[in-house]
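Trainee: Please take one part of this chain and go through it closely, then place it among the other parts that deserve a careful look. I would like one connected account rather than a list.

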Amino acid sequence: MSVECLGALLQSCMKSKALKPGKQIHAQLLTTGTETKPGSLSSKLVGVYAGCGDGRSAKKIFESMQKPTVFAWNWMISASAFQGDCEGAVNYFSQMQKAGIFPNKFTFSCVLKACVGLMDIMKGKELHCLIYKVGFESDVSVMNALIDMYCKCGKLDFARKLFDEMSERDVATWTSMMCGYSHKGELENSLKLLERMKSQGLEPNEFTWNAVITGFAQNGDCNGAFELFCKMKTGGLKPDLVTWNSMISGFTQNHQSEEALMLFRDMLVSGLHPNSVTIAGLLPACGFTGSLNRGKEIHGLIYRRELGMNIFMITALIDMYSKCGSVNYASNVFDQTCIPIPNVAAWNAMIGCYGKHGLVEASIQLLERMQEEGVNPNQVTFTCVLSACSHGGLVEKGLEIFMSMKENCRVELSKEHYSCIIDLLCRSGRVAEAYELVKEMGEGVNDSIIGAFLNGCRIHGRSDLAKVMAEEVLRMDLKKPGGFVTLSNIYAADGEWEWVESVRKVMKEKGVYKKAGLSWVEKKEGLLDSK
């Protein structure tokens with residue numbers, strides 16, 4: 001077989017990411033003694049292995065080349081960046097410059113992705129200068145990569161300047177800029193660009209719509225996201241799985257659980273199959289509403305569709321069953337799937353589950369077991385354990401764990417940890433000690449801490465301490481109504497109506513309101529809420 005024919009076959013393997021045929025061609029080259037150094041056969045072999053994720057083989061062939069072509073360098077830079085070795089990618093680029101190889105437009109696109117992985121804006125700026133120096137400033141694909149780099153590194157002003165200076169833009173240019181605005185929460189700018197793009201005769205594609213829809217959904221504007229979602233469909237484009245996942249996740253995060261579940265149902269009807277991202281984004285919706293039956297249905301769907309379990313799905317399942325009050329199901333998920341996975345998130349979810357349901361000893365035992373198995377607890381782990389001790393009345397054990405955190409410095413103490421300890425002290429009647437701890441924190445006091453302290457004062461009749469804190473509480477920038485309402489109730493119980501009025505006035509000025517209670521009733525045809 002001629003060298004040209006073998007080269008064409010290798011090119012085909014690269015395009016289709018067919019590793020096995022590529023290896024067979026490589027074997028034929030070795031057994032027949034075909035010279036690979038002349039021409040581009042070696043470079044194409046590097047491309048086959050690198051493109052199929054076999055970085056080790058690609059590197060071996062690359063290092064055997066006396067004078068690697070720009071094509072081979074590009075593949076090594078791209079493969080390193082794709083596999084997460086962004087420093088390696090930048091190093092390859094540096095070596096390429098030292099070897100005197102002139103970069104092409106693909107080189108810059110690859111190495112700019114590595115800058116994003118490193119969040120190295122300085123290296124990105126160096127490349128920006130080099131791009132202008134070697135004359136690629138008019139290449140749309142290179143400028144798109146630059147805009148993408150600046151957007152993802154948080155430099156929207158730099159990205160927008162480049163965008164405005166471009167004489168020619170394609171759909172990817174507009175999409176990259178919209179992605180930057182959406183990620184930063186500048187939804188109005190994103191929407192303006194979408195309208196401007198259409199007015200200039202360019203039709204947005206699936207990626208463009210997804211960028212804008214995701215921005216609206218993740219920033220809490222679910223109505224805006226749904227409106228854009230409908231426009232996308234009426235425009236003749238079929239939403240892909242990424243778009244559906246963004247919508248479902250956005251509605252779930254904004255506690256619009258019924259809408260998220262309905263979207264999921266519509267997605268299945270459209271013929272799309274969910275993936276692990278869909279499930280991890282949807283399960284919290286069942287937890288928020290306490291909808292155990294729906295949670296079980298989704299759990300069953302995981303097995304029917306053979307989606308496999310990853311840490312996000314495992315943690316979401318445990319959390320969902322915990323919120324639905326089913327400790328046994330949560331424990332089964334943990335025991336059957338989590339123990340081989342040394343990931344702290346799953347352990348935290350299970351420890352938190354035991355704590356919420358009053359199984360304090362089980363929570364503490366799981367912490368000890370976790371440490372024995374070599375999984376290091378983090379801030380969230382100790383928050384879960386301290387909260388369990390607080391709800392279970394294990395004051396001394398909670399204080400012991402708290403002091404061990406301070407003394408051993410294994411985990412940095414956070415406001416959440418202090419909030420748990422203050423709650424623990426107040427629940428056990430040790431309100432004066434809690435007061436001293438609140439004073440010790442100074443400006444670090446937040447809504448949760450104030451709420452726990454004032455609630456303790458109310459329960460144990462220590463209105464004197466609550467009133468000492470009152471002026472400071474009214475000056476704080478509290479966002480939640482709990483602390484204000486409890487303080488108002490303490491004054492009301494003592495008949496101090498002028499102070500009650502003062503507290504209510506401060507709440508009104510700060511725009512803090514107590515929301516009405518909400519109950520969920522689960523029925524076969526859906527969830528009904530009643531206020």
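Mentor: Lys17 lies in the loop between helix H1 (3-16) and helix H2 (19-32), and, keeping in mind that this is a predicted model, its backbone is the place to begin. Although Lys17 is not a glycine, its phi is positive, at about 50 degrees. With a relative accessibility of 53%, Lys17 counts as exposed, because the exposed class begins over 50%.

A second loop residue can be set beside it. His255, in the loop between H15 and H16, is likewise not a glycine and has a positive phi of about 60 degrees. Its relative accessibility is 51%, and so His255 counts as exposed.

The two helices on either side of His255 lead to the part I would examine most closely, helix H14, since H15 (241-253) and H16 (257-269) are among the elements against which the buried residues of H14 pack. H14 covers residues 222-234, which is 13 residues, and it reaches 18 Å from its first C-alpha to its last, close to the 18 Å expected at 1.5 Å a residue. Its buried residues are Cys222, Gly224, Ala225, Leu228, Phe229 and Met232. Seen down the helix axis, those buried residues fall within an arc of 155 degrees, and therefore they line one face of H14. Besides the two helices already mentioned, helix H12 (187-199) and helix H13 (206-218) pack against the buried residues of H14. The face turned away from that buried side carries Asn223 and Thr234, which are exposed. After the helix comes Gly236, whose phi is positive, near 95 degrees; in this case the residue is a glycine, whereas Lys17 is not.

From a single helix we can turn to pairs of helices, where an angle and an axis separation can be read together with the residues involved. In helix H9 (residues 140-152) and helix H11 (residues 171-184), the axes come within 9 Å and cross at roughly 5 degrees. That angle makes H9 roughly parallel to H11, because angles under 35 degrees are counted in that class. On the H9 side the contact is made by Val140, Asn144, Ile147, Asp148 and Cys151, and on the H11 side by Ala172, Thr173, Ser176, Met177 and Gly180. By class, the residues of this contact divide into five nonpolar, four polar and one charged.

The pair formed by H23 and helix H25 (residues 415-427) packs at an angle of about 10 degrees, with the axes 9 Å apart. H23 and H25 are therefore roughly parallel to each other. H23 contributes Gln379, Phe382, Thr383, Leu386, Ser387, Cys389, Ser390 and His391 to the contact, while H25 contributes Glu416, His417, Cys420, Ile421, Asp423, Leu424 and Arg427. Six nonpolar, six polar and three charged residues make up this contact.

H23 (residues 379-392) also holds Cys384, which is buried, with a relative accessible area of 18%. Leaving out residues up to four places away in sequence, Cys384 touches Asn348, Ile351 and Gly352. Between the C-alpha atoms of Cys384 and Ser2, which are 382 residues apart along the chain, the separation is 67 Å.

Two further buried positions can be described in the same terms. Lys123, in helix H8 (residues 121-134), has a relative accessible area of 16% and is buried, whereas Lys17 is exposed. Residues up to four places away in sequence aside, Lys123 touches Val90, Ser94 and Cys115. Thr486 belongs to helix H29 (residues 482-493), where it is buried at a relative accessible area of 12%. Its contacts, neighbours within four places in sequence aside, are with Leu454, Asn455 and Arg458.

The whole chain supplies the setting for these details. It has 30 helices and two strands, and 48% of its 531 residues are buried. Along the principal axes, the C-alpha trace spans about 95 × 55 × 50 Å. Among contacts with a separation of 6 or more, residues 24 or more positions apart account for 57%.

Definitions and conventions: Residues are numbered from 1 along each chain as its sequence is written. This is a predicted model: local features need pLDDT of at least 70, side-chain atom pairs count only at pLDDT 80 or more; totals for chains, interfaces and linings use all residues. Side-chain values use heavy atoms; hydrogens and water are left out. Helices (H or I, at least four residues) and strands (E, at least two) are DSSP runs, numbered from the N terminus. The expected span of a helix is 1.5 Å times one less than its number of residues. Buried means under 20% relative accessible area, exposed over 50%, partly exposed in between (1.4 Å probe, protein chains only). The arc is that of the directions from the helix axis to the C-beta atoms. Contact means heavy atoms within 4.5 Å. Axes are lines fitted to C-alpha atoms, for helices over the stretch in contact, and angles run from 0 to 180 degrees between N-to-C directions. Angles under 35 degrees count as roughly parallel, over 145 as roughly antiparallel, 65 to 115 as roughly perpendicular and the rest as oblique. Ala, Val, Leu, Ile, Met, Phe, Trp, Tyr, Cys and Pro count as nonpolar, Asp, Glu, Lys and Arg as charged, and the others, Gly among them, as polar.
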